[in-house]
Amino acid sequence: MEIHMPTGQKDQNKSFLTERQREIMRMRRKNMKSSQIAKILNITRQDVTILEKRAMANIQKAFNTIQMAYEEGLSVQVEIGKGVQILDAIKEILSAGDRENIKIKSSIPEIFTILKICHGSNIKNGIIQKGTEVSILLDGTLNARQINE
């Protein structure tokens with residue numbers, strides 16, 4: 001179930017970006033000009049520019065935070081290449097947690113589900129078709145994302 005926040009408010013549990021910032025960034029990805037975006041959203045071009053700059057700054061902060069967490073040993077990164085069997089990927093994740101003395105909160109079926117959600121149709125016959133980066137936080141929480149190789 002997706003929760004829709006009022007435009008302009010941050011969904012604190014998911015993103016550093018407001019819904020409006022995300023909207024603008026999606027439109028930018030479609031190569032829309034500030035004037036077009038402003039007209040559609042009924043705001044000024046200056047507002048579009050300000051919101052876009054804030055979004056980019058927040059994205060950079062998010063990347064910096066992840067990098068800092070990794071460098072400070074606050075998370076463990078596990079990179080899984082394409083072509084890996086999903087069960088081998090799960091073993092790799094669990095082994096990384098064991099090596100770092102982190103008790104992973106997720107069960108094997110839950111890790112399977114995390115990888116399945118991350119990849120969707122990019123798992124064929126039990127083989128992950130694209131690379132994956134899994135972060136293991138010190139509390140045992142897992143985060144996974146697809147990476148382009």
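**Nonpolar cores and helix packing in the predicted model**

In this predicted model, the largest nonpolar core comprises 17 residues, of which Ile-93, Leu-115 and Ile-136 touch the most other members. At least two residues of this core are supplied by each of strand 1 (75-80), helix 4 (86-99), helix 5 (108-119) and strand 5 (131-137), and the largest share, five residues, comes from helix 4. The surroundings of Ile-136 illustrate how this core is assembled: when residues up to four places away in sequence are not counted, Ile-136 touches Leu-74, Ser-75, Val-76 and Val-78, together with Ile-93, Ala-96, Gly-97, Ile-102 and Ile-104, and also Thr-141 and Leu-142. Separate from this core is a second one of eight residues, among them Ile-24, Met-27, Val-48 and Leu-51. In soluble globular proteins, nonpolar side chains tend to be buried together.

Helix 3 spans residues 45-71 and thus has 27 residues; the distance from its first C-alpha to its last is 39 Å, close to the 39 Å expected at 1.5 Å a residue. Within helix 3, the buried residues are Val-48, Leu-51, Glu-52, Ala-55, Asn-58, Ala-62 and Ala-69, and what covers them includes helix 1 (19-29), helix 2 (34-41) and strand 1. Just after helix 3, a positive phi of about 75° is taken by Gly-73.

The packing of helix 2 against helix 3 can be described in terms of their axes, which come within 8 Å and cross at roughly 105°. Because angles of 65 to 115 degrees count as roughly perpendicular, helix 2 is placed in that class relative to helix 3. On the side of helix 2, the contact is made by Ser-34, Ser-35, Ile-37 and Ala-38, whereas helix 3 contributes Arg-45, Val-48 and Thr-49. By residue class, this contact of helix 2 with helix 3 divides into three nonpolar, three polar and one charged residue.

A further view of helix 3 is given by Met-25, which lies in helix 1. The relative accessible area of Met-25 is 18%, so Met-25 is classed as buried, the cut-off for that class being under 20%. With residues up to four places away in sequence not counted, Met-25 touches Glu-52, Ala-55, Met-56 and Ile-59, and of these partners Glu-52 and Ala-55 are among the buried residues of helix 3. Finally, Met-25 and Arg-145 are separated by 120 residues in sequence and by 20 Å in space, C-alpha to C-alpha.

How values were computed:
Residues are numbered from 1 along each chain as its sequence is written. This is a predicted model: local features need pLDDT of at least 70, side-chain atom pairs count only at pLDDT 80 or more; totals for chains, interfaces and linings use all residues. Side-chain values use heavy atoms; hydrogens and water are left out. A nonpolar core is a set of buried Ala, Val, Leu, Ile, Met, Phe, Trp, Tyr and Cys residues joined through side-chain atoms within 4.5 Å. Buried means under 20% relative accessible area, exposed over 50%, partly exposed in between (1.4 Å probe, protein chains only). Helices (H or I, at least four residues) and strands (E, at least two) are DSSP runs, numbered from the N terminus. Contact means heavy atoms within 4.5 Å. The expected span of a helix is 1.5 Å times one less than its number of residues. Axes are lines fitted to C-alpha atoms, for helices over the stretch in contact, and angles run from 0 to 180 degrees between N-to-C directions. Angles under 35 degrees count as roughly parallel, over 145 as roughly antiparallel, 65 to 115 as roughly perpendicular and the rest as oblique. Ala, Val, Leu, Ile, Met, Phe, Trp, Tyr, Cys and Pro count as nonpolar, Asp, Glu, Lys and Arg as charged, and the others, Gly among them, as polar.
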